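Let's walk through this protein together, one piece at a time. Keep the structure open beside you and turn it as you read.

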Amino acid sequence: MMERFDCLNQTLYNSPDVVELFQGSGGLLENTELAQGKLYIDCSTIDPSVSQAVGQAVHAKGGFFVDAPVSGGVNGAKNGTLAFMVGGSEDDFKRAEPYLRYMGGKVFHCGGIGTGGAAKLSNNLALAIEMCAVSEAMNFGVSLGLDPKTLADIMNSSSARCWSSDTYNPWPGLQAGVPASDGYKGGFPAALMRKDLELAIQAAKQKRVALPLGASAHQLYSMLSKQHEEEGNHKDFGSVLEMIQNMVVPIKS
């Protein structure tokens, strides 16, 4: 049955999972019939260098490959408005584009294999930092006596406006249909944000690029995901607000 497919689209957790699928024992590339002339669309968020290596292996077997990480979350999947960031040759992108447009509203060709992952990691790097910033600012303002809705309205009408404030605000009860208003259930787990930040930091080290704010966000999400693991939950990454609220600032005598 597997030999009959023309295109395989998969989303796996991390780089080793993708390598195992393609190049592990019994992997897809062990059977030439499962590679030659077939299109593989990998929507996993992994190390861009791993995507490049897997893509080269697929091409060597006569297949086609693009990395196409996705953004938009659960609501984007439900509404068909996902955004795909695609890395691959022009020809492979043209092969993949019809399949991706069926699933998402926006499809970006970012460049060669691995650039899709680079775009996704860049996006999530900014997203993690802005979520931490919005959470910190909301907690700060409310502690000074501001009503959270009033503060959010001001931020969303001013220069602090961003997706984490106007669409996915972490303060409970401000917006309907977001995890913050449902005990941070569902959404994008903090552990996945930590994983993506680790990938970004790893890639940045390879290129000798500084990520000072990314490192701070990674520290917060490492603490948060460890807490969630101990509690046995998978709360959304917006729950970083709860952790910030519970931080104790020592008073110097």
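R208 counts as exposed because its relative accessibility is 79%, a value over the 50% cut-off for that class. In this predicted model, R208 sits in the loop between α8 and α9. The phi of R208 is near 55 degrees, a positive value in a residue other than glycine. Most residues other than glycine have a negative phi. Y184 offers another case: this residue is not a glycine, yet its phi is positive, at about 60 degrees. You will find Y184 in the loop between α7 (163-166) and α8. Is Y184 buried or exposed? With 3% relative accessibility, Y184 counts as buried.

Now step back to take in the whole protein. Its secondary structure comes to 10 helices and 6 strands, and the C-alpha trace spans about 70 × 40 × 35 Å along the principal axes. Of the 253 residues, 43% are buried. Among contacts with a separation of 6 or more, 64% join residues 24 or more positions apart.

A good place to go inside is K120, which the unreviewed UniProt entry lists under "active site". That annotation may be inferred rather than shown by experiment. K120 belongs to helix α5 (residues 115-143). K120 counts as buried because its relative accessibility is 7%, and the cut-off for buried is under 20%. Which residues does K120 touch, once those up to four places away in sequence are set aside? They are T45, P69, V70 and M85.

A second lysine to look up is K195, in helix α8. At 5% relative accessibility, K195 counts as buried. Beyond its neighbours within four places in sequence, K195 is in contact with Y13, N14 and T45. T45 is thus a residue to highlight on your screen, as it appears among the contacts of K120 and also among those of K195.

From α5, you can follow the packing in two directions. Take α9 to begin with: α5 and α9 pack at an angle of about 70 degrees, and their axes are 9 Å apart. That angle makes α5 roughly perpendicular to α9. The crossing of these two helices is left-handed. On the α5 side of the meeting are L125, A128, I129, M131 and C132, while α9 brings L213, G214, A217, L220 and Y221.

The other direction leads to helix α6 (residues 148-156). The axes of α5 and α6 come within 9 Å and cross at roughly 130 degrees, and α5 and α6 are therefore oblique to each other. This crossing is right-handed. Here V134, A137, M138, G141 and V142 of α5 meet P148, L151, A152 and M155 of α6.

Helix α9 (residues 212-231) rewards a closer look. How far apart are its end C-alpha atoms? They are 29 Å apart, which agrees with the 28 Å that its 20 residues should span at 1.5 Å a residue. The buried residues of α9 are G214, A217, H218, L220, Y221, L224, S225 and H228. An α-helix has 3.6 residues a turn, so residues three or four places apart point the same way. With that in mind, trace the buried set, including G214, A217, L220 and L224. The buried residues of α9 pack against α5, α8 (190-207) and α10 (240-245). One of them is H218, which counts as buried at 19% relative accessibility. Apart from neighbours within four places in sequence, H218 is in contact with R194, L197, E198 and I201. Just after α9 comes G232, with a positive phi of about 75 degrees.

Our last stop is helix α2 (residues 48-60). At 1.5 Å a residue, its 13 residues should span 18 Å, and the end C-alpha atoms are indeed 18 Å apart, which agrees. What is buried in α2? The residues are P48, V50, S51, V54, G55, A57 and V58. They pack against α1 (15-23), β2 (39-42), β3 (64-67) and α5, which brings us back to the helix that holds K120. After α2 comes G62, whose phi is positive, near 90 degrees.

Note on methods:
Residues are numbered from 1 along each chain as its sequence is written. This is a predicted model: local features need pLDDT of at least 70, side-chain atom pairs count only at pLDDT 80 or more; totals for chains, interfaces and linings use all residues. Side-chain values use heavy atoms; hydrogens and water are left out. Helices (H or I, at least four residues) and strands (E, at least two) are DSSP runs, numbered from the N terminus. Buried means under 20% relative accessible area, exposed over 50%, partly exposed in between (1.4 Å probe, protein chains only). Contact means heavy atoms within 4.5 Å. The expected span of a helix is 1.5 Å times one less than its number of residues. Axes are lines fitted to C-alpha atoms, for helices over the stretch in contact, and angles run from 0 to 180 degrees between N-to-C directions. Angles under 35 degrees count as roughly parallel, over 145 as roughly antiparallel, 65 to 115 as roughly perpendicular and the rest as oblique. A crossing is left-handed if the near helix is turned anticlockwise from the far one by less than a right angle, and right-handed if clockwise.
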